[in-house]
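Colleague: I should like a close look at one part of this model, namely its charged side chains and the way they pair. Please treat the matter in one connected answer.

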Amino acid sequence: MAIKGLGKIDQNYDGKSVRVGILHARWNAEIIDALVAGAIKKLKEFNVPEENIIVESVPGSYELPYGTKKMFEKYNLDVIIPIGCLIKGSTMHFEYICESVTNQLMKLQFELHKPIIFGVLTCLTEEQALQRAGILPGMHNHGEDWGACAVEMVTKWYQQ
């Protein structure tokens, strides 16, 4: 199965003044590390200075919404990319966490009036997560999409 990325994006977006937070969960570290690296790589390609990229962590994906809110309060950020990886197990835990995190991150965007990029993988298998993190050969790292999306959302929509 091919995992496609964001597609064509206007490469003229300039992130030189964009301040980005990356907040990542610590579960599934191999996958998370690859996604964070992909996001940072793409942010730098869009001219976001390294000193404008703040990286913090929380224990798991369930803590991402609260951590995102606190990160906006702590730093002067334009956008945050919360990054997590949820892989379905044999209980309902996966469904509860996926729905809770997704709904709260969406809600936070409107409460805080700031863009929040949805960087949470919700995968049925570990293989799907490895594919989406670009770890398996020939697959695309979705962290890169999230980095590009962050710059676009700030420069096109937020900083108007």
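Is Lys44 buried, partly exposed or exposed, and what is its relative accessible area?

Modeller: In this predicted model, Lys44 is partly exposed, its relative accessible area being 39%. The side chain of Lys44 meets that of Glu50 in a salt bridge, with an N to O distance of 3.3 Å. Glu50 itself is exposed, at a relative accessible area of 56%; this value places Glu50 in the exposed class because that class begins over 50%. As a general matter, side chains of opposite charge can pair when their charged atoms come close.

The pair of Lys44 and Glu50 belongs to a wider set, for the structure holds 10 salt bridges. Another of them joins Lys88 to Glu95, whose closest N and O atoms are 2.6 Å apart. Lys88 is partly exposed at 32% relative accessibility, and Glu95 is partly exposed at 28%.

A further salt bridge links Lys107 with Glu111, where the closest N and O atoms lie 3.7 Å apart. Both residues belong to helix 3, which covers residues 93-112, and they are separated by 4 residues, about one turn of the helix. Lys107 has a relative accessible area of 46% and is partly exposed; Glu111, at 42% relative accessibility, is likewise partly exposed.

Finally, salt bridges also form a network, which links Lys41, Lys42, Glu45 and Glu144.

Technical notes:
Residues numbered from 1 in each chain as written. Predicted model: local features only at pLDDT ≥ 70, side-chain atom pairs only at ≥ 80, totals over all residues. Heavy atoms only, no water. Salt bridge = Lys/Arg side-chain N within 4 Å of Asp/Glu carboxyl O. Buried < 20%, exposed > 50% of the residue type's maximum accessible area, 1.4 Å probe, protein only. Helix = DSSP H or I, 4+ residues; strand = E, 2+ residues; numbered from the N terminus.
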